[in-house]
Amino acid sequence: MSGGQKRQILALVFLGAASLYLTWSLVTLAQDVQLLMSLQQRRGYDTRKEDDFSYVGSDHPTRLPIEEKLVKLVVQESVHYGISDPESADEWLWTASVGDGHVRIGKDERMFAVVAFHELHCLRSMRSAIQNGWQSLPLGRQRHILHCYNYLRQWTLCAGDATLEPGDFMQRNFTKHRIGATHTCVDWLPAYEMMKDKWLEWEQFRKSHGIAHHDVD
């Protein structure tokens with residue numbers, strides 16, 4: 001076989017591999033687009049812009065007005081986010097958004113909670129309760145923790161993530177097998193960015209209107 005023939009064969013192999021990769025990429029993209037459209041339909045996605053709402057009664061967006069892009073999340077064990085380690089409280093605090101955990105939108109800065117940050121708030125509260133002990137908590141705080149357990153239960157069911165995880169997780173050695181399944185998620189970074197931007201807007205509005213600050217997280 002001559003050198004020219006070898007180069008032709010290699011070129012054909014390369015083109016074949018590139019074609020397969022391109023086909024796989026297009027199929028994956030189509031699946032992700034279909035999934036995102038399905039999520040938007042299931043969530044009753046409203047295409048109106050933020051300023052198109054009156055923010056009176058139920059006339060407001062049902063979701064944070066961000067671009068909901070899909071990302072892949074590989075579940076893995078972590079040495080971070082413990083319960084009672086010296087750095088645990090600070091690490092969990094970094095899961096919070098900038099501000100008091102709420103977002104204020106509309107011309108009158110109407111306040112809303114955002115589910116993802118509400119859930120993270122609940123996890124921080126539950127971690128603190130475990131560390132400090134249930135009996136040490138006042139009744140109001142205990143009721144708040146019970147709300148959080150029920151809230152997370154309902155939203156876990158609502159998400160209905162049907163991703164398959166191989167094996168029996170009850171028998172898995174998590175210190176050795178630290179990588180889990182890959183999930184398709186809505187990118188959370190735009191939500192963090194909007195929460196920060198809206199908080200800065202709210203701070204200007206609050207100060208200009210003489211509204212006192214209060215921290216609810």
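Modeller: A helix here is a DSSP run of H or I, at least four residues long, numbered from the N terminus. Leu152 sits in one of these, helix α4. The model is predicted.

Biologist: What makes Leu152 count as buried?

Modeller: Its relative accessibility is 17%. Buried means under 20%, so Leu152 at 17% qualifies.

Biologist: Which residues is Leu152 in contact with, leaving aside its neighbours within four places in sequence?

Modeller: Glu119, Cys122, Leu123 and Met126. A contact needs heavy atoms within 4.5 Å.

Biologist: How far apart are Leu152 and Cys122, in sequence and in space?

Modeller: They are 30 residues apart in sequence. In space, C-alpha to C-alpha, the distance is 7.9 Å.

Biologist: How do you know that Cys122 and Cys148 form a disulfide?

Modeller: Their sulfur atoms lie 2.3 Å apart. The cut-off is within 2.5 Å, so the pair of Cys122 and Cys148 passes. A disulfide is a covalent bond between the sulfur atoms of two cysteines. The structure holds one.

Biologist: Why is the link of Cys122 and Cys148 said to join distant parts of the chain?

Modeller: Cys122 belongs to helix α3, residues 115-132. Cys148 belongs to helix α4, residues 139-159. The two are 26 residues apart. Both Cys122 and Cys148 are buried.

Biologist: Which hand does the link of Cys122 and Cys148 have?

Modeller: Left-handed, with -75 degrees about the S-S bond.

Biologist: Are Cys158 and Cys185 buried or partly exposed?

Modeller: Cys158 has a relative accessible area of 48%. Partly exposed lies between 20% and 50%, so Cys158 is partly exposed. Cys185 has 17%. That is under the 20% limit, so Cys185 is buried.

Biologist: What makes the aromatic pair of Tyr81 and Trp92 edge-to-face?

Modeller: A search of the whole structure finds five aromatic pairs. In the pair of Tyr81 and Trp92, the distance is 5.3 Å centre to centre, with 70 degrees between the planes. Ring centres must lie within 6.5 Å, and planes over 60 degrees apart count as edge-to-face. Both tests are met, so Tyr81 and Trp92 are an edge-to-face pair.

Biologist: Where do Tyr81 and Trp92 lie?

Modeller: Tyr81 is in the loop between β1 and α2, and Trp92 is in helix α2. They are 11 residues apart.

Biologist: Why is Tyr81 called partly exposed, and why is Trp92 called buried?

Modeller: Tyr81 has a relative accessible area of 41%. That falls between 20% and 50%, so the name is partly exposed. Trp92 stands at 15%. That is under 20%, so Trp92 counts as buried.

Biologist: What makes Val75 fit for a nonpolar surface patch?

Modeller: Patch residues need over 30% relative accessible area. Val75 has 33%, so it clears that cut-off and is partly exposed. Val75 lies in strand β1, residues 70-76. Leu73, Val75, Trp188 and Leu189 make the patch, about 340 Å² in area.

Biologist: How many helices and strands does the protein have, and in what order?

Modeller: Five helices and four strands. From the N terminus on, they run α-β-α-β-β-α-α-β-α.

Biologist: How much of the protein is buried, and how much surface is accessible?

Modeller: Of 217 residues, 25% count as buried. The accessible surface is about 15,600 Å². Carbon and sulfur atoms hold 59% of that surface.

Terms used:
Residues numbered from 1 in each chain as written. Predicted model: local features only at pLDDT ≥ 70, side-chain atom pairs only at ≥ 80, totals over all residues. Heavy atoms only, no water. Buried < 20%, exposed > 50% of the residue type's maximum accessible area, 1.4 Å probe, protein only. Areas by Shrake-Rupley, 256 points an atom, 1.4 Å probe, with all protein chains shown as cover. Patch = residues over 30% accessible without salt bridge, like charges linked within 9 Å, V, L, I, M, F, W, Y side chains within 5 Å. Salt bridge = Lys/Arg side-chain N within 4 Å of Asp/Glu carboxyl O. Phe/Tyr/Trp six-rings, centres within 6.5 Å; stacked < 30°, edge-to-face > 60°.
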